[in-house]
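Visitor: Before I trust the words used for a structure, I would like to hear how each of them is justified. Could you take me through the reasoning?

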Amino acid sequence: MSFIQVLDESTINKIAAGEVVERPRAVVKELVENAMDAGATAITVEIKEGGLSLIRVTDNGKGIEKEDIPNAFLRHATSKIRRAEDLIEVRSLGFRGEALSSIVAVAQVELITKTGTSLNGYRYIIEGGAQKSLEEIGCPDGTTFVVRNLFYNTPARRKFLKTPVTEAGYISDLMERLMVSHPDISFKYIVNNQVKLQSSGNNNTKDILYNLYGRDLVKDLLVVDSESEDVKIKGFIGKPIINRGNRNFENYFINGRYIKSPILIRAIEDAYKPYMMQHKYPFTSLYFEIEPS
Ligand SMILES: Nc1ncnc2c1ncn2[C@@H]1O[C@H](COP(=O)(O)OP(=O)(O)OP(=O)(O)O)[C@@H](O)[C@H]1O
Ligand SMILES: [Mg+2]
C-alpha cells in the first residue's frame, strides 16, 4: 500500500502561491515588475479595499502574443531565461516563471493585452487557475491585469491579512519605492478611485522625492555621483538633520531593484555615526549600477 502521492497541479499552485503572493502588495510588486520587464514607460496601479477586491495594473509595454497568453499563466513558464546559465547575467526583474501562475491560483484574473504588431488585442479570463475565456477585443498596445477577490478560494490566507487600510498602506510604501527606483517611468497610483501618487517619468529623482517628501526634505539632500571600474553609484543622501527613528528613509537599489543589504546599511550608518544621535537613521536614496555578469 502506498501513502505517498504527487500533488495535483492546482494544489501545487495554491501552495506556491502562499510563498509568492503572501499579501496584496506582493501581487502589485509582481505585476509592476512584469510591466517594467516588458519595457513599459507608463504604469498605472489601481487598488480597491487594500487590493483585496481589486488590483489593476496597466502598462504600455510590449504586450503578450495571443499564442503566449495561456502559457504565461503556467508554472515555470517564462520568456526571460532559457537555461540555468542565463541566470548569471539575467537583466530582467523576473525569471522564475512563477508569479502569474501563483496569482491566478488564488484570484480571479482578467488579462487585456495587445502587441504593437497585432491588429487587435485579446481579453483572457482565468479564475483559480481555470481558463474561462479568450476573445478578441480592441485595445491600446500594452497590457492590463485585473486581479479580483484575492484569496477568494483560500479563506485561511485571507483571514491572515490585516485591515484593508493597513494592506493599502503596504502597497503605498511599495509604490513610493517603485517611483523612486524608476524615475524614468511615469507612474500613477489610484486608491479607491482617487489618484494618490503620480510621477512624471522625466528621469528626475529629485522631483519625485520632492513630491513624496516635500520641499523641506529635498533642500537638505546631497548629490551622490561616483563611478569606479565595477560600480556606478548615483542618488542622494540626506544631511544628518534629516533623520528618522526607523530605516524607512534608507533605500538602496541595485540595477533598478530595491534591495536590503546589511553590509551597505552598516557602512552608511557607520559613516553617519559621528553626526547622528543614537537610534536615528539617515536618509539615503542610492542607485548602484553593476554589470550583472
Ligand atoms: N505586463 C506584461 N507585459 C508583457 N509580457 C508579460 C507581462 N506580464 C507577464 N508577461 C509574460 O508572462 C510571462 C510570465 O510572467 P511571470 O511573472 O509569471 O514570470 P516571470 O516574470 O518570467 O518570472 P517571475 O516569476 O520571476 O516574475 C513573462 O515571462 C512574460 O513573458
Ligand atoms: Mg514576473
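Guide: What follows is a conversation about a predicted model, in which each term is set against its cut-off.

Visitor: Why is Q108 called buried?
Guide: The term applies under 20% relative accessible area, and because Q108 has 19% relative accessibility, Q108 counts as buried. Q108 is found in strand β3, residues 108-114.

Visitor: What makes the pair Q108 and N149 a polar contact?
Guide: The cut-off for such a pair of N or O atoms is 3.5 Å, and the side chains of Q108 and N149 are joined at 2.8 Å, so the pair falls within the cut-off of 3.5 Å. Leaving aside neighbours within four places in sequence, the residues in contact with Q108 are I126, E127, V146, V147, R148, N149 and Y152.

Visitor: Why is β3 as a whole said to be largely enclosed?
Guide: Seven of the seven residues of β3 are buried, and therefore the strand is largely enclosed by the rest of the structure. In a regular strand the side chains alternate between the two faces of the sheet. Both faces of β3 are covered, with Q108, E110, I112 and K114 buried on one side and V109, L111 and T113 buried on the other.

Visitor: How do you know that β3 pairs with β4 and with β6?
Guide: Pairing requires at least two bridges; six join β3 to β4, residues 121-127, and seven join β3 to β6, residues 142-148, so both pairs satisfy the requirement of at least two. β3 runs antiparallel to β4 and also antiparallel to β6. L111 stands opposite Y124 in β4, while Q108 stands opposite R148 in β6, and a hairpin of six residues joins β3 to β4.

Visitor: What puts the buried residues of α9 on the same side of the helix?
Guide: The buried residues of α9, which spans residues 262-272, are L264, I265, I268, E269 and Y272. They cover an arc of only 120° around the axis, and this is why they lie on the same side of α9. The face turned away from that buried side carries the exposed residues P262, I263 and R266. The cover over the buried residues of α9 includes β10, β12, β13, β14 and β15.

Visitor: Which strands of the open sheet are called edge strands, and on what grounds?
Guide: Five strands form the sheet in the order β9-β10-β15-β12-β13, with mixed pairing. The edge strands are β9 and β13, since each pairs on one side only. Neighbouring strands of this sheet are turned by 20° against each other on average, direction ignored. Seven bridges join the antiparallel strands β9 and β10, and D225 stands opposite K234 in β10. Helix α6, residues 164-181, packs on the sheet by touching β12, β13 and β15, and its direction makes about 55° with that of β12. Helix α7, residues 205-213, lies across β9, β10 and β15 and runs at about 30° to β10.

Visitor: What makes T78 a polar partner of ligand 1?
Guide: A polar side-chain atom of T78 lies 2.5 Å from an oxygen atom of ligand 1, and the cut-off for a polar contact is 3.5 Å, so the distance of 2.5 Å qualifies. For R96, an N or O atom of the side chain is 2.7 Å from an oxygen atom of the ligand, whereas G97 places a backbone N or O atom 2.9 Å from a ligand oxygen. Of the 21 residues around ligand 1, those that come nearest are T78, S79, K80, R96 and E98.

Conventions. Residues are numbered from 1 along each chain as its sequence is written. Chains are lettered from A and ligands numbered from 1 in the order in which they are written. This is a predicted model: local features need pLDDT of at least 70, side-chain atom pairs count only at pLDDT 80 or more; totals for chains, interfaces and linings use all residues. Side-chain values use heavy atoms; hydrogens and water are left out. Buried means under 20% relative accessible area, exposed over 50%, partly exposed in between (1.4 Å probe, protein chains only). Helices (H or I, at least four residues) and strands (E, at least two) are DSSP runs, numbered from the N terminus. The arc is that of the directions from the helix axis to the C-beta atoms. Contact means heavy atoms within 4.5 Å. Axes are lines fitted to C-alpha atoms, for helices over the stretch in contact, and angles run from 0 to 180 degrees between N-to-C directions. A polar contact is a pair of N or O atoms within 3.5 Å; within protein, one must be able to donate a hydrogen and the other to accept it, and residues adjacent in sequence count only if both atoms are side-chain atoms. A residue is near a molecule or strand if one of its heavy atoms lies within 4 Å of it.
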